[in-house]
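Here is a short set of exercises to work through with the model open beside you. Try each task first, then follow the solution step by step.

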Amino acid sequence: MKENLYFNPKYSSLKEGIVSFIQNFDTEGEPFGNGNRNTIKVKEIEGITVNVKSFKIPHLLNQFAYKYIRKSKAKRSFENANFLIANGFGTPEPIAYFEYFNGVGLQKSFYVSVHLKCDLTFRELISNTTYPEREIIIKEFTKFTYLLHEKGILFKDHSPGNTLIKKINNTYGFYLVDLNRMDFKTLTFEERIRNFARLTPKKEMVEIMSAEYALLTGENFSKVLDLMWKETEAFQAKFQRKKRLKKKFLFGN
């Protein structure tokens, strides 16, 4: 099997330990997260806790595509992390990516980053309405998203669990994870607002984000709110429909 790996030169001293970890991934490291689609494990190597995401083996067509047509999720994650950092946005620091190919195409792939311990994710703001400085965090998060948009960055997996939040002195830092799906282009108003659709089903949170985004962009608040809530409702309806179909398919009537 052909191997392709690339290391951030800053972390070259960890290469031997990380290669060994990847080779023994099934038996080493501590599982992290729910592992529904991909597997994430963490391990301390030479005093640094590394986070390794193992992507599931793609179906046959994508195996071919990831070898000959487009970049693997691991490579995209690594490159997008470097792009974010170069443009002043937070994400766990990228260390390396690994790709393994056979004659058909891509088999296994891994993305390695520095493990970031956060205080919360956006999801906690949904479930805990009394979280300290909750409204301030929502507004700061909205500003963070606005700055992404201004730089022409569309984070396509902008969902509750994919932004890590860390309080640093009296401010909040935001760090994106799950980076393999991003577009880089000038965004329309509709694309900007649609990017908030997956974040929360709660209208009071949408109202806070709409008010802050309107303030930052100079757009009319009602216009922003109407579109953001419309996109949120459309996403939630689609999500619940898929959930019902999945339940029906798995468990029957």
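What percentage of the 253 residues in the protein is buried? The buried share is 45%, where buried means under 20% relative accessible area, exposed means over 50%, and partly exposed lies in between (1.4 Å probe, protein chains only).

Before going on, a word on the ground rules. This is a predicted model, in which local features need pLDDT of at least 70 and side-chain atom pairs count only at pLDDT 80 or more, while totals for chains, interfaces and linings use all residues. Residues are numbered from 1 along each chain as its sequence is written, and side-chain values use heavy atoms, with hydrogens and water left out.

**Exercise 1. Describe the overall build of the protein.**

Step 1: Take the secondary structure. The protein has 8 helices and 11 strands; these are DSSP runs numbered from the N terminus (helices: H or I, at least four residues; strands: E, at least two).

Step 2: Check the dimensions. The C-alpha trace spans about 55 × 50 × 35 Å along its principal axes. The radius of gyration is 20 Å, which agrees with the value near 18 Å for a compact globule of 253 residues. That radius is taken over C-alpha atoms, and the globule rule is 2.2 Å times the number of residues to the power 0.38.

Step 3: Look at the contacts, meaning heavy atoms within 4.5 Å. Of those between residues at least 6 apart in sequence, 64% join residues at least 24 apart.

Step 4: Turn to the surface. About 14,000 Å² is exposed, and carbon and sulfur atoms supply 51% of this area (Shrake-Rupley method, 1.4 Å probe; for residues, only the protein chains shown count as cover).

**Exercise 2. Work out the order of the 6-stranded sheet and find its edges.**

Step 1: Trace the order. The 6 strands run β1-β5-β6-β4-β3-β2 in an open sheet with antiparallel pairing. Two strands pair if DSSP finds at least two bridges between them.

Step 2: Find the edges. They are β1 (2–7) and β2 (30–31), each of which pairs on one side only.

Step 3: Follow one edge inward. β2 pairs with β3 (residues 39–45) in the antiparallel sense over 2 bridges, and K41 in β3 is the bridge partner of P31.

Step 4: Note the loop that follows. E46 lies between β3 and β4 (48–55). Although E46 is not a glycine, its phi is positive, at about 50°. E46 counts as exposed because its relative accessibility is 61%.

**Exercise 3. Which strands pair with β6, and how enclosed is β6?**

Step 1: Take one neighbour. β4 pairs with β6 in the antiparallel sense over 6 bridges, with K53 facing Y111 of β6 as its bridge partner.

Step 2: Take the other neighbour. β5 is joined to β6 by 6 bridges and runs antiparallel to it. Here Y97 has Y111 as its bridge partner in β6. β5 and β6 form a hairpin with 4 residues between them.

Step 3: Judge the burial. Because 8 of its 9 residues are buried, β6 is largely enclosed by the rest of the structure.

Step 4: Add a helix. In α2 (residues 60–68), the residues N62, Q63, A65 and Y66 are buried. Their cover includes α3 (73–86), β5 (94–101) and β6 (106–114).

**Exercise 4. Map the 3-stranded sheet and place Y175 in it.**

Step 1: Trace the order. This open sheet runs β7-β9-β10 with antiparallel pairing. β7 (120–121) and β10 (171–176) each have a single partner strand, so one side of each is left without a neighbour in the sheet.

Step 2: Look at a pair. β7 and β9 (residues 163–168) run antiparallel and are joined by 2 bridges; L164 in β9 is the bridge partner of T121.

Step 3: Inspect the loop between β9 and β10, where N169 is found. N169 is a residue other than glycine with a positive phi near 55°, and it counts as exposed at 71% relative accessibility.

Step 4: Place Y175, which lies in strand β10. Is Y175 buried or exposed? Y175 counts as buried, at 19% relative accessibility. Leaving aside neighbours within four places in sequence, its contacts include G90, T91, P92 and L116. The C-alpha atoms of Y175 and T91 are separated by 4.2 Å, although these residues are 84 apart along the chain.
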